[in-house]
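Reader: I should like to understand how the terms used for a protein model are justified. Could we examine the model together?

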Amino acid sequence: MSDAPMSDARLRVGVLGCAGFARRRMLPAMVAAPGAEVVAVASRDAAKAVETARTYGCRPVTGYAELLALEEVEAVYVPLPAALHAPWVAAALRAGKHVLAEKPLTTDLARTAELLALARELGLVLMENVMFVHHGQHEAVRKALAEGAIGELRAMHAAFAIPRLQDTDIRYDPGLGGGALWDVGVYPVRAALHFLGPELRVAGAVLTQGEGRRVDTSGAAVLHTPEGVTAQLTFGLDHPYVARYELWGTEGRLSVERAYTPPADFEPQVRLCRADGDQELPVAPDDQVANTLAAFVRAARDAQGGGEAPDGRATVLRQAELLHGIREAARLAASDLGVRREGGER
């Protein structure tokens, strides 16, 4: 450990893997973050580790376990394919490291619960890298809702879809945790949780595989609160780019464009529509990547100081339960459709 006071010391981070997203977005942000220091990056490919480490001025390591053995690494960022999260997140926690893991934390509800319980038992932070909730535009929406800008909330519509990927993309590989639900469906589900609360339940869902694909490439789900507020969610990997949500109330609606992955210089577009006219709510550009890293550093430092880490375990678990519920509802819907096709309409 450093001799510097805990509040002044930078959190020393190691990176497990050299994924494209890590190199494009996370590593540059980590290098720029005042509270963090990238000390090592690992790859199973020694040359890739060396190349990435040279770019970001840190130590190259061949092998993930080798990085976890480094005493100077206090925390790790895990940008591996979703199917590899569970074993390496568990290994990192057992090595005494705080963990920032890409979403989804795992593709299995039981494993997600086990990892969250392990982190709590060890007094470590385990944070899922859902960054959009750290952007100021969503706080502006929450404030407008709390002030009654659209009256009583009645419904939410949320969508995240991206154009077709290259056939070799890992998001089409079921063995690596691919599929639309895990990759882009997480975002509207988390948005619904963010605004409608943890008592959401799954009313129904459909997941569709594109021709020649082994994973779901599009899907939709309907969620609801005990009071009957509904959330209609749409997501896909074979669509025009859509990243938005809309909240409907008794007196108007709020809509957000570019809701999930805005760059730091993007001018947010939060629109309030009422019978007496439409207006754009004033929201400044914000850097959700930097904000997320700052939240992770604070949580890690709070945990090391004996405080309760604000790492959102309950939200991560509830999100995993909803994702599991959507997959199960879609499976039942597909099974019922199969019965109808084989036996005729009932």
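Author: Let us begin with a definition: two strands pair if DSSP finds at least two bridges between them. The model discussed here is predicted.

Reader: What makes β13 and β14 a pair of strands?

Author: Five bridges join β13 (residues 269-274) to β14 (residues 277-281), and the definition asks for at least two, so the two strands count as paired. They run antiparallel, and Leu-272 has Gln-279 in β14 as its bridge partner. With two residues between them, β13 and β14 form a hairpin.

Reader: How do you know that β1 and β2 pair, and in which sense?

Author: The same cut-off of at least two bridges applies. Strand β1 (residues 11-16) and strand β2 (residues 36-43) share six bridges in the parallel sense, so they too are a pair. One of the partnerships links Gly-14 to Ala-40 in β2.

Reader: Why are β3 and β6 said to stand at the edges?

Author: The open sheet has six strands in the order β3-β2-β1-β4-β5-β6, with parallel pairing. β3 (59-62) and β6 (126-128) each have a single partner strand, so one side of each lacks a neighbour in the sheet. From one strand to the next, the twist averages 25°.

Reader: Which residues line the largest pocket, and what is their character?

Author: The space in the largest pocket is about 1200 Å³. Its lining has 48 residues, and Phe-21, Arg-24, Ile-170, Arg-171 and Asp-183 are the closest to the centre. Helix α1 gives the largest share, five residues. The lining divides into 28 nonpolar, 10 polar and 10 charged residues.

Definitions and conventions:
Residues are numbered from 1 along each chain as its sequence is written. This is a predicted model: local features need pLDDT of at least 70, side-chain atom pairs count only at pLDDT 80 or more; totals for chains, interfaces and linings use all residues. Side-chain values use heavy atoms; hydrogens and water are left out. Helices (H or I, at least four residues) and strands (E, at least two) are DSSP runs, numbered from the N terminus. On a 1 Å grid over the protein atoms alone, a cavity is a set of points where a 1.4 Å probe fits but cannot get out, and a pocket is an open set with protein on both sides within 12 Å along at least five of seven lines; lining residues have an atom within 4 Å of a point. Grid points are joined across faces, edges and corners, and a volume is the space filled by probe spheres set on the points. Ala, Val, Leu, Ile, Met, Phe, Trp, Tyr, Cys and Pro count as nonpolar, Asp, Glu, Lys and Arg as charged, and the others, Gly among them, as polar. Axes are lines fitted to C-alpha atoms, for helices over the stretch in contact, and angles run from 0 to 180 degrees between N-to-C directions.
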